[in-house]
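Student: Could you take me through one residue of this model up close, and then work outwards to the rest of the fold and the ligand? I'd like one connected story rather than a list.

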Amino acid sequence: MTTIQDHWLTLADGNKMPQEGLGTYKLTDQAAMTQALQGAYETGYRLIDTAQLYENETVLGNAIKSLGAPRDQYFITTKVAEKNQGYQTAIDSVKESLKKLQLDYVDLLLVHWPIQSHFFETWRAFEDMKKQGLTKSIGVSNFGIAHLELLTTQANERPVVNQVERHPGLNQLALLNYHRNHGIITQAWSPLARGKYQDTPVLKAIAEHHHKSVAQVILRWHLQDGVAIIPKSSHLERIQANADLYDFELSNAEMNQINQLNRFARTGREPELVFENNEQYQR
Ligand SMILES: NC(=O)c1ccc[n+]([C@@H]2O[C@H](COP(=O)([O-])OP(=O)(O)OC[C@H]3O[C@@H](n4cnc5c(N)ncnc54)[C@H](OP(=O)(O)O)[C@@H]3O)[C@@H](O)[C@H]2O)c1
């Protein structure tokens, strides 16, 4: 039987990334972060997802330090916030992030949202930061197909990951297909839709059939689609349960049943609006 630690994806730049990791949005308390990271690491998680916007890079840095694991044994992702986009501001902000994380480099650096005002210069900064060794890989988040196509007109390197909202209510099949054809790994944020589909009858029936929970069925659906996942929990039992996905398989019929729950139900911002307004939250 395989475990969470056996499942790595190869990115288009040749680097490897764990298919499953731990999300940390809203984990800002030091004791809670240290405990979550310790529990996750012992469970076999090797990827931790943070962002400048989450304001938890400092507590994550302290938690990583107290873990005491060798640097090549964990994979850290952070994201540049809209307010820090632009060529030099992006570079300065990543240096600040690294200071907070107490690291020399991150494994994956993402543009958190596409914004038109600094679209190309931010990416140029990302390409240069990769060359300078501040990050091993570069990618984006919340980009639609049009943003990815636009980026290609001036980029030297393509993003290797696009981290987007994905769950049964928003299966993103068209975007997944585009990613597959262009060597981009899809990483799902809110893979559990923050618990929204716990009582969905179709999911409950599939879960019962496999003697698993609804959350485990949803996470397994992502994995079987080749999607990377970063479920967040601050509770050890859930951190463990969310990694207990590697001893069962959904049939094609079950995968289709889940795909049919799609309602284009976005919980986050519409990327087009963020692109147009240059910020996620309008004043
Ligand atoms: N790129 C972006 O724009 C973006 C946007 C949003 C999020 N993200 C990233 O994606 C990560 C995951 O997304 P998310 O935190 O929004 O949502 P999520 O992972 O879908 O759901 C997390 C919520 O579900 C609960 N939960 C976790 N496991 C559960 C289980 N097995 N059964 C029942 N409830 C469970 C957690 O509660 P407890 O903690 O109380 O267990 C938490 O409230 C974030 O933490 C962040 O790192 C990125």
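Let's start with Ala 207: is it buried or exposed, and what is its relative accessible area?

Tutor: Buried: the relative accessible area of Ala 207 comes out at 3%. Keep in mind that this is a predicted model. With the cut-off for buried set at under 20%, the 3% of Ala 207 makes it buried. The residue sits in helix 7, which runs over residues 201-210. What does Ala 207 touch, once neighbours within four places in sequence are set aside? Its contacts are Lys 212, Ser 213, Val 214 and Val 217. For a sense of scale, take Ser 137: it is 70 residues away from Ala 207 along the chain, and their C-alpha atoms are separated by 36 Å.

Now walk back from helix 7 into the loop that joins it to strand 9 (185-189), where you meet Arg 194. Buried or exposed there? Arg 194 counts as exposed, at 61% relative accessibility. Its backbone deserves a look too, as phi is near 50 degrees, a positive value in a residue that isn't glycine. Most residues other than glycine have a negative phi. Glu 55 is another case, with a positive phi of about 55 degrees. Glu 55 also lies in a loop, the one between strand 4 (47-49) and helix 2 (57-67), and with a relative accessible area of 69% it is exposed.

Arg 194 brings us to the ligand. Which of the 26 residues around the ligand come nearest? They are Asp 49, Ser 190, Arg 194, Ser 233 and Arg 238. Some polar pairs are worth pulling up on screen. Gln 163 places a polar side-chain atom 2.8 Å from a nitrogen atom of the ligand. For Trp 189, a polar side-chain atom is 3.5 Å from a ligand oxygen. Thr 24 comes in through its backbone, with an N or O atom 3.2 Å from an oxygen atom of the ligand. On its own the ligand has 900 Å² of accessible area, and the protein covers 87% of that.

Gln 163 gives us a way further in. Its side chain makes a polar contact of 2.8 Å with the side chain of Gln 187. Gln 187 belongs to strand 9, and at 0% relative accessible area it is buried. Leaving out residues up to four places away in sequence, Gln 187 touches Met 17, Leu 47, Asp 49, Leu 110, Val 161, Asn 162, Gln 163, Val 164, Ala 228 and Ile 230. Asp 49 turns up there as well as among the residues nearest the ligand. Glu 20 is 167 residues from Gln 187 in sequence, yet the C-alpha distance is 9.0 Å.

Ala 228 leads on to Gln 19, since both Gln 187 and Gln 19 have it as a contact. You'll find Gln 19 in the loop between strand 2 (16-18) and strand 3 (22-23). Loop or not, it is buried, with a relative accessible area of 8%. Not counting neighbours within four places, its contacts are His 7, Trp 8, Leu 9, Leu 223, Gly 226, Val 227, Ala 228 and Ile 229. Compare Lys 95 in helix 3 (87-101), which is partly exposed at 44%. Its C-alpha lies 28 Å from that of Gly 183, with the two positions 88 residues apart along the chain.

For a helix with a clear inner side, go to helix 5 (145-152), where the buried residues are His 147, Leu 148 and Leu 151. Viewed along the helix axis, these fall within an arc of 100 degrees, so they line one face. An α-helix has 3.6 residues a turn, so residues three or four places apart point the same way. The cover over this buried set includes helix 4 (119-131), strand 7 (135-141), strand 8 (161-165), helix 6 (173-181) and helix 11 (271-277). Strand 8 contains the position of Gln 163, the partner of Gln 187.

Lastly, the annotation: UniProt, in an unreviewed entry, places "domain: NADP-dependent oxidoreductase" at residues 22-262. That span is 44% helix and 15% strand, and its end C-alpha atoms lie 24 Å apart.

How values were computed. Residues are numbered from 1 along each chain as its sequence is written. This is a predicted model: local features need pLDDT of at least 70, side-chain atom pairs count only at pLDDT 80 or more; totals for chains, interfaces and linings use all residues. Side-chain values use heavy atoms; hydrogens and water are left out. Buried means under 20% relative accessible area, exposed over 50%, partly exposed in between (1.4 Å probe, protein chains only). Helices (H or I, at least four residues) and strands (E, at least two) are DSSP runs, numbered from the N terminus. The arc is that of the directions from the helix axis to the C-beta atoms. Contact means heavy atoms within 4.5 Å. A residue is near a molecule or strand if one of its heavy atoms lies within 4 Å of it. A polar contact is a pair of N or O atoms within 3.5 Å; within protein, one must be able to donate a hydrogen and the other to accept it, and residues adjacent in sequence count only if both atoms are side-chain atoms. Accessible areas come from the Shrake-Rupley method with a 1.4 Å probe; for residues, only the protein chains shown count as cover. UniProt positions are given in the numbering used here, feature names are shortened, and annotations may be inferred rather than shown by experiment.
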